[in-house]
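Here are my notes on the model you sent over, set out as numbered points. I hope they are handy to read with the structure open beside you.

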Amino acid sequence: MKKIGLLFALTLFWSAFAAAQTPYFQGKTIRVIVGYPAGSAHDIWGRLVAPQLTKHVPGNPATVVQIMTGAGSMTAANYVYGVAKPDGMTLGVINAALYFEQLLKKKEVQFDWQKFSWIGSSTPTRPLLYMWANTPYKTIQDVRTATVAPKCGVTGTGNSGFYFPKLLEQTLGAKFQLVTGYQGGADIELAVERGEVQCRAFTVQVFFGREPFNTWRNKNQVRVLVQGGKKRDPRLPDTPLLSELMDQYKTADSDRRLVAVMLGSGEFGSAPMLATPGIPLEHVKTLRAAYAKAIASPELIAEAKKHGLDAELIHGDELEALAKEVLSQPAEVIASMKKVMGE
């Protein structure tokens, strides 16, 4: 009887020991929730990173990408924050400027930006605004003096498609009609080709990263009127910087500070990946380390280049610190943001 008891105890011990040695993620599936449609830049990044997580997360969990569109990725952000379990099995890829909505106290916001578990991102971004070439708007000055403002397609209010034209209005005196409600960039591009809208704002990286923009550029069907950043992109040597235009039009210092805050969203990268709050720190560290290895992997880098994308790691630690920083804004900056965002 004592031998049976001893055997039973040893069995329990070794079972517990084996369980302790089994990686937490082994035999599980990580869902990557993408807040934009299939084929979008966010979707491309999600699908580039997901298989690399299988390789680099200890235990080699399966990964699956799930599209969850709505309100410029607000739906996906709310889901990851408040619906998904805090177990590290649900990750989100969302709009880097979605924190604007929290600063503006939008009722749709069901998250606290600084409490997300930040995993990582790739490549700081810079905005641009393009115009369909057969329109009369050849320069920002043409937009400023136009009797009919050009129409720009927009997915939601929390992304550069909305706030970059609004910043151009605030800082340069340009005027745009923003047509909201498109589900994704592909819908806007079709609308541009049909003549429903004439312009769109988004990132330099996407403009040089996929169709139809490569074809549009080759056929001279589109022109870029203005770009963000501290220096002109070498692929857009003749397109003025917003800072240069602000010098030309003698923009007030207060508006220049507003630009610095709002375009700071580019520091969150092309497609930040985050997870539910409350995940044990060791699991967050595991996911961050795996993401860093993913971005550095030759396979991902090669595949990203096929899409015209650059893989430059922004570590989860950096995103966590930045998330706290961007929410700490004085009242006057938030008041200016409300004006720009039409609040």
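1. Let me begin with Glu303, which is partly exposed at 31% relative accessibility. The side chain of Glu303 meets that of Lys306 in a salt bridge, 3.4 Å from N to O. Both residues belong to helix α13 (residues 298–306), and because they are three residues apart there, about one helical turn separates them. Lys306 has a relative accessible area of 65%, so this partner counts as exposed. Please keep in mind here and below that this is a predicted model.

2. A second salt bridge joins Glu189 and Arg200, with the closest N and O atoms 2.5 Å apart. Glu189 sits in helix α7 (residues 185–194) and Arg200 in strand β8 (residues 199–203), so the pair ties together parts that are eleven residues apart in sequence. Are these two partners buried or exposed? Glu189 is buried at 4% relative accessibility, and Arg200 is buried too, with a relative accessible area of 11%.

3. The third pair to look at is Asp233 with Arg126, a salt bridge whose closest N and O atoms are 3.1 Å apart. This one links distant parts of the chain, 107 residues apart: Asp233 is in the loop between β9 (222–227) and α10 (242–248), while Arg126 is in the loop between β4 (117–122) and β5 (127–132). Asp233 has 4% relative accessibility and so counts as buried. Arg126, at 22%, counts as partly exposed, because buried means under 20%. Arg235 joins in as well: Arg126, Asp233 and Arg235 are linked in a network of salt bridges.

4. How many salt bridges are there in total? The count comes to 15. On charges more broadly, the chain has 38 positive and 30 negative ones, and their mean positions are 4 Å apart.

5. Thr123 deserves a careful look from you. This residue lies in the loop between β4 and β5, and its relative accessible area of 5% makes it buried. Most residues other than glycine have a negative phi, and most peptide bonds are trans. Thr123 is not a glycine, yet it has a positive phi of about 70°. Its side chain reaches the backbone oxygen of Asp310 at 2.3 Å. Leaving aside neighbours within four places in sequence, the contacts of Thr123 include Trp45, Gln205, Gly269 and Ser270, and also Asp310, Ala311, Glu312 and Ile314.

6. Two further backbone features are worth checking on screen. Asn220, which is not a glycine either, has a positive phi of about 55°. Asn220 lies in the loop between α9 and β9, and at 63% relative accessibility it counts as exposed. The other feature is a cis peptide bond between Glu211 and Pro212, with omega at about 5°. Pro212 is in the loop between α8 (204–207) and α9 (213–218).

7. Where does Ser40 sit? Ser40 is in the loop between β1 (29–34) and α2 (41–56), and it is buried, with a relative accessible area of 12%. A polar atom of the Ser40 side chain lies 2.7 Å from the backbone oxygen of Pro37. Ser40 and Val206 are 166 residues apart in sequence, but their C-alpha atoms are 8.9 Å apart in space.

8. Next comes Arg288, in helix α12 (residues 281–296). Arg288 has 7% relative accessibility and therefore counts as buried. Not counting residues up to four places away in sequence, Arg288 touches Trp118 and Ile119, along with His315, Gly316, Asp317 and Glu320.

9. Finally, the chain as a whole. Its secondary structure comes to 15 helices and eleven strands, and its C-alpha atoms fill a box of roughly 95 × 45 × 30 Å along the principal axes. Of the 343 residues, 53% count as buried. The accessible surface comes to about 15,600 Å², with 55% of it belonging to carbon and sulfur atoms. Among contacts between residues at least 6 apart in sequence, 78% join residues at least 24 apart.

Conventions: Residues are numbered from 1 along each chain as its sequence is written. This is a predicted model: local features need pLDDT of at least 70, side-chain atom pairs count only at pLDDT 80 or more; totals for chains, interfaces and linings use all residues. Side-chain values use heavy atoms; hydrogens and water are left out. A salt bridge is a side-chain nitrogen of Lys or Arg within 4 Å of a carboxyl oxygen of Asp or Glu. Helices (H or I, at least four residues) and strands (E, at least two) are DSSP runs, numbered from the N terminus. Buried means under 20% relative accessible area, exposed over 50%, partly exposed in between (1.4 Å probe, protein chains only). Contact means heavy atoms within 4.5 Å. Accessible areas come from the Shrake-Rupley method with a 1.4 Å probe; for residues, only the protein chains shown count as cover. Lys and Arg count as positive and Asp and Glu as negative; His and the chain ends are not counted. The place of a charge is taken as NZ of Lys, CZ of Arg, CG of Asp or CD of Glu. A polar contact is a pair of N or O atoms within 3.5 Å; within protein, one must be able to donate a hydrogen and the other to accept it, and residues adjacent in sequence count only if both atoms are side-chain atoms.
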